[in-house]
Amino acid sequence: MDEKMIWLTIVLMALVTLIPRLLPVWVLAGRTLPPLVITWLRYVPVAVLAAMLAPVLVLVEDGQRLDLSWSNLYFWISVPTFLVAWKTRSLFLTVITGMGGIALVRLFL
Amino acid sequence: MMIKGNAGGGQSPIISGMLQAMPVVMGYLPIGFAYGVLADQAHLSLFSTVLMSLIVYAGSSQLIAAALFAAGQPMLSIVFTTFVVNLRHLLMSAALAPHLSRWPQWQRLLFAAELTDEAFALHSLQFHKEVPSKGQVFAVNITSQLSWVVGSLLGYVAGTLFTDVEVFGLDYALPAMFVALLILQIQHRNMVIVAVLTGLLSIGLTLLGVTTWAVIIATVIGATIGVVLDAWTKK
């Protein structure tokens with residue numbers, strides 16, 4: 001691809017990324033939504049975060065295989081990470097626990 | 001750690017927003033760096049590499065796009081893949097929409113342009129209590145994107161000199177942040193059930209090979225389960 005085509009590709013990528021991000025805040029905001037829809041939307045954050053996080057923690061090889069063995073650090077380090085998040089409710093301490101935990105285990109194994 | 005208003009410290013909303021974005025910055029610098037390295041290997045120009053971080057600004061899809069450029073994929077296939085991978089933001093935008101009703105359209109546009117997974121996770125937590133000042137909201141977004149752009153730039157310049165994001169556990173910054181944000185979102189028992197079921201569903205769908213759609217399908221079903229649970233438990 002020549003440089004101009006690459007730029008065009010990137011501009012189109014930007015458009016197809018922006019539209020789904022923009023449409024709901026542009027169209028839905030300010031409207032009175034049915035209570036059922038509001039309830040549904042309240043569950044979206046929890047659901048979408050769980051949906052993005054869970055595969056990262058338990059799947060390996062680009063999501064092809066379930067791995068709960070000791071070699072899957074992402075899963076095992078998530079246990080203390082979850083505990084710290086739950087007990088302290090601190091974003092900072094949780095991130096430090098996760099990163100520090102992974103770094104320490106890698107250093108000593 | 002959620003710094004909001006912060007009467008005690010007397011911080012300006014801009015500073016509060018920047019501090020609030022720090023966990024995102026810790027994750028974006030190394031991952032942006034990895035994207036920059038990949039873009040360099042894909043023979044994208046420095047301009048194209050940074051342009052993508054500025055106007056597309058969507059982590060995983062940029063890494064995928066760099067790989068597709070490297071593989072010599074045609075334009076339409078790159079654009080379509082980007083669309084599918086980023087479609088999940090539709091749900092995030094819808095979830096935040098009710099809180100932005102008083103904002104003018106152009107500010108919603110600026111907000112939406114920087115609505116990444118991580119920005120959404122931070123905002124949804126806060127908006128639920130009270131929408132902070134616009135200065136703070138945009139400070140979170142701009143700080144996050146700045147770290148992404150700087151990371152991309154450094155990665156591109158460093159090229160293949162240094163590609164190991166695993167030192168210092170940097171690769172775990174974003175997963176750990178998601179753990180915290182997920183826990184902080186949970187307000188009652190039904191949400192725990194929804195989180196567990198949606199997570200399992202997403203794992204199952206990914207294993208079945210529907211990787212790009214797994215998050216969207218699992219989220220739609222998961223949130224619907226939440227509505228059903230609510231209706232049930234209220235009776």
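1. Helices (H or I, at least four residues) and strands (E, at least two) are DSSP runs, numbered from the N terminus, and with that naming B:Tyr172 can be placed in the loop between H9 and H10 of chain B. The structure is a predicted model, in which local features need pLDDT of at least 70 and side-chain atom pairs count only at pLDDT 80 or more, while totals for chains, interfaces and linings use all residues. Residues are numbered from 1 along each chain as its sequence is written, and chains are lettered from A and ligands numbered from 1 in the order in which they are written.

2. On confidence, the model scores ipTM 0.90 and pTM 0.85. The mean pLDDT of chain B (pLDDT being the predictor's confidence in each residue, from 0 to 100) is 89, and 92% of the residues of chain B reach 70 or more. Residues 1-8 of chain B should be read with care, since pLDDT stays under 50 there; for this stretch the model has 12 contacts beyond four places in sequence. Two residues are in contact if their C-beta atoms, placed from the backbone, lie within 7 Å.

3. Chain A has 4 helices and 2 strands, and along the sequence they follow the pattern α-α-β-β-α-α. The radius of gyration of chain A is 20 Å, whereas a compact globule of 109 residues would have one near 13 Å; this radius is taken over C-alpha atoms, and the globule rule is 2.2 Å times the number of residues to the power 0.38. The C-alpha trace of chain A spans about 50 × 50 × 30 Å along its principal axes. Of the contacts in chain A with a separation of 6 or more, 16% are accounted for by residues 24 or more positions apart.

4. How much of chain A counts as buried? The share is 41% of its 109 residues, where a residue is buried if 20 or more other C-beta atoms lie within 10 Å of its own, exposed if 12 or fewer, and partly exposed in between, with C-beta atoms placed from the backbone.

5. The contact between the chains takes 81 residues from chain B and 68 residues from chain A. On the side of chain B that touches chain A, the largest share, 12 residues, comes from helix H10 (residues 173-185) of chain B. By class, that side of chain B has 55 nonpolar, 21 polar and 5 charged residues; here Ala, Val, Leu, Ile, Met, Phe, Trp, Tyr, Cys and Pro count as nonpolar, Asp, Glu, Lys and Arg as charged, and the others, Gly among them, as polar.

6. The largest nonpolar core (a set of buried Ala, Val, Leu, Ile, Met, Phe, Trp, Tyr and Cys residues joined through C-beta atoms within 7 Å) has 98 residues, and those with the most contacts inside it are A:Leu49, B:Phe178, B:Ala180 and B:Leu182. The largest share of this core, 15 residues, comes from helix H2 (residues 35-58) of chain A. Leaving aside neighbours within four places in sequence, B:Ala180 is in contact with A:Ala85, A:Leu91, A:Thr94 and A:Val95.

7. Helix H4 (residues 91-108) of chain A deserves a look beside this core. Among the buried residues of H4(A) are A:Leu91, A:Thr94, A:Val95, A:Gly98, A:Met99 and A:Ile102, and what covers the buried residues of H4(A) includes H3 of chain A together with H2 and H10 of chain B. B:Tyr172 is itself buried, because 28 other C-beta atoms lie within 10 Å, and, leaving aside neighbours within four places in sequence, B:Tyr172 is in contact with A:Ile77, A:Gly98, A:Met99 and A:Ile102.

8. Why is helix H8 (residues 117-127) of chain B described as largely enclosed by the rest of the structure? The reason is that 8 of the 11 residues of this helix are buried, including B:Asp117, B:Glu118, B:Phe120 and B:His123. The cover over the buried residues of H8(B) includes H2 of chain A, and also helices H1 (13-20), H2 (22-41), H6 (89-96), H9 (134-158) and H10 of chain B.

9. Some exposed positions in chain A complete the note. A:Glu61 lies in the loop between strand E1 (59-60) and strand E2 (65-66) of chain A, has a positive phi of about 55° although it is not a glycine, and counts as exposed because it has 7 C-beta neighbours inside 10 Å. A:Asp62, in the loop between E1 and E2 of chain A, has a positive phi of about 60° and counts as exposed with 8 C-beta neighbours inside 10 Å.
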